[in-house]
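I opened this entry to look up some salt bridges, one lysine and one domain contact, and to write down what I found for each.

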Amino acid sequence: MNEQVTIKEGQEFPLTIKRLGINGEGVGFFKKHVVFVPGALPGEVITAHVTDVQRKFATAKIKQIREASEDRITPPCPVYETCGGCQLQHMTYPRQLVEKRDIVLQALERYSPDVSAELVKPTIGMDDPWYYRNKSQFQVRKKGNKVLAGLFAAGSNFLVDIDKCLVQHPDTTAITNQIKAFIEDKGIPVYDDKDPQGIMRSIVVRKGIETGQLQVTLITTKKKFPHKEELTQAIVQMSPDIVSISQNINADRSSLIFGETTFNLWGKETMIEKLDSLVFDLSARAFFQLNPVQTVHLYNEIKKAAHLTGTENVVDAYCGVGTIGLWLAGDAKEVRGMDIVPEAVSDAKKNASRNQRKNTQFVVGTPEEWVTKWQKEGFTVDVLTADPPRTGLDSELMDVVLRTKPKRFVYTSCNPSTLAKDLARLTKKYEVRSIQPVDMFPQTSQIECVVELELKS
């Protein structure tokens with residue numbers, strides 16, 4: 001009778017890294033146990049020190065790199081090890097693109113093994129994979145007399161103060177640093193989980209990559225706070241590109257950045273950004289892709305997968321401010337979109353008007369509600385497109401797709417695992433024609449995919 005082999009916390013052993021996990025960690029196998037090692041790269045041989053043991057896997061840290069990967073580089077960011085915002089700065093960018101495609105393949109192997117690996121195309125990357133994020137959302141805290149603004153280290157309540165970020169547009173960080181200094185100089189109360197009197201909670205700065213405009217939003221626990229007007233005027237002077245300053249109230253003790261109430265402090269309620277020939281008005285809480293350069297590639301892949309000829313009726317199931325729907329409208333007969341966020345739908349209507357997309361309609365509600373209603377009115381859905389959150393398609397939308405059976409379904413996913421799980425169900429009625437990975441977030445483990453699905457005959 002074979003004695004069961006166990007791994008113990010604190011144990012050390014040589015480990016060969018076989019691949020990357022979905023969170024960017026190295027994955028190896030020790031006597032049939034899966035071992036996750038943050039910072040390890042495929043092909044490396046390390047000495048692993050076990051830090052945590054669960055029933056199905058263990059986590060370890062690198063004690064020594066015995067054989068380093070030829071794709072290992074020194075991370076250029078000084079807070080890379082503590083920040084946790086990026087996971088792959090220690091890997092060459094060309095290899096990042098290869099490994100991200102492999103993460104998609106791993107998810108398919110596990111959840112949708114019938115989908116051929118040959119359908120997954122090479123990852124579309126960036127020419128310059130740095131300083132690409134157009135919006136920063138830095139939390140504000142205090143350490144002694146010093147005001148910090150940055151991100152929480154992964155799995156902790158330790159805030160990493162970030163004065164410079166290599167993946168954020170420099171203007172967003174520069175504005176945040178100046179606001180941080182003002183808060184510290186004037187002694188404006190800073191939010192703390194243990195201090196109900198704290199007020200200043202987060203600083204959000206968005207940059208129009210094409211227009212140059214800047215939008216600033218202060219997240220506070222209360223509407224009134226000391227030096228509010230003075231701070232507003234100080235922000236106005238920080239850059240001539242600032243066109244909008246807003247305040248959002250979030251008094252909840254949660255990890256959510258925004259609360260429900262937002263009002264304008266100075267300038268316009270929106271900023272303007274362009275994607276190719278389209279122009280978008282963006283309110284403070286409006287969702288907009290964080291990497292506009294890659295967004296053009298992403299949306300072109302969506303259009304390519306839709307195979308529009310000018311005769312199709314298109315439904316955008318998570319329309320947001322209308323970006324995807326408006327991108328497709330020029331090549332479609334009609335585009336209809338819905339979203340459960342009223343402000344987003346309002347922005348989508350304004351954006352449609354601004355871009356003279358008269359063959360569009362945007363409504364507040366769910367796909368179940370509107371697609372059913374439209375079908376009863378004689379509206380046939382030829383192409384359905386959806387770009388859901390990381391949780392994937394909700395059960396309601398999945399039922400809508402499988403019941404209404406549009407000829408083509410274009411599924412844009414930011415999570416390979418939930419995508420592969422959804423494909424396991426979708427492929428009962430749909431054929432996967434192609435999967436195109438797009439690297440929207442270089443230096444991180446995240447990967448976006450555009451999937452073309454065609455109804456089986």
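I began with Glu368, which I found partly exposed, with a relative accessible area of 29%. The model I am reading is a predicted one, and in it the side chain of Glu368 meets that of Arg403 in a salt bridge, at 3.5 Å from N to O. I noted that this pair links distant parts of the chain, since Glu368 sits in helix α8 (residues 367–376) and Arg403 in helix α9 (residues 395–404), 35 residues apart. Arg403 also counts as partly exposed, at 42% relative accessibility.

I then looked up how many salt bridges the structure holds, and the count is 22. Another of interest to me joins Glu230 and Lys186, whose closest N and O atoms are 3.1 Å apart. Glu230 lies in helix α4 (residues 228–236) and Lys186 in helix α3 (residues 170–186), so this pair ties together parts that are 44 residues apart in sequence. I recorded Glu230 as partly exposed at a relative accessible area of 37%, and Lys186 as partly exposed at 30%.

Next I turned to Arg408 and Glu452, which form a salt bridge with their closest N and O atoms 3.7 Å apart. Here the link runs between strands: Arg408 is in β19 (residues 408–413) and Glu452 in β21 (residues 448–455), 44 residues apart. Buried or exposed, I asked, are Arg408 and Glu452? Both Arg408 and Glu452 are buried. I added that salt bridges with shared partners join Arg408, Glu452, Arg433 and Glu454 into one network.

My next entry is on Lys207, which I placed in strand β9 (residues 200–207). I asked which side chain makes a polar contact with the side chain of Lys207, and found that of Asp171, at 2.7 Å. The side chain of Lys207 also reaches the backbone oxygen of Gly212 at 3.2 Å. Lys207 has a relative accessible area of 6%, and because buried means under 20%, I entered this lysine as buried. Setting aside neighbours within four places in sequence, I listed the residues in contact with Lys207, among them Asn134, His169, Thr172, Asp241, Met271 and Glu273.

For the domain contact, I took the division of the chain as domain 1 (11–67), domain 2 (100–127 + 291–455) and domain 3 (135–283). The contact between domain 2 and domain 3 takes 16 residues from domain 2 and 13 residues from domain 3, while the C-alpha centres of these two domains lie 31 Å apart. I noted an area of about 1200 Å² buried between domain 2 and domain 3, with carbon and sulfur atoms giving 65% of it. On the side of domain 2, Pro292, Trp327 and Arg354 lose the most area to domain 3, together 36% of what that side buries.

I counted one salt bridge between domain 2 and domain 3, and four residue pairs in polar contact. Arg354 appears again in a salt bridge, with its side chain meeting that of Asp281 at 3.0 Å, N to O. Which helices each supply at least two residues of the side of domain 2 that touches domain 3, I asked; they are α5 (292–306), α6 (323–329) and α7 (342–354). Of these, α5 gives the most to that side, with four residues. I closed with the make-up of the side of domain 2 that touches domain 3, which divides into seven nonpolar, six polar and three charged residues.

How values were computed. Residues numbered from 1 in each chain as written. Predicted model: local features only at pLDDT ≥ 70, side-chain atom pairs only at ≥ 80, totals over all residues. Heavy atoms only, no water. Buried < 20%, exposed > 50% of the residue type's maximum accessible area, 1.4 Å probe, protein only. Polar contact = N/O pair within 3.5 Å; in protein donor to acceptor, adjacent residues only side chain to side chain. Contact = heavy atoms within 4.5 Å. Domains from an automatic or database assignment. Buried area = accessible area lost by both parts, 1.4 Å probe. Salt bridge = Lys/Arg side-chain N within 4 Å of Asp/Glu carboxyl O. Nonpolar A, V, L, I, M, F, W, Y, C, P; charged D, E, K, R; others polar.
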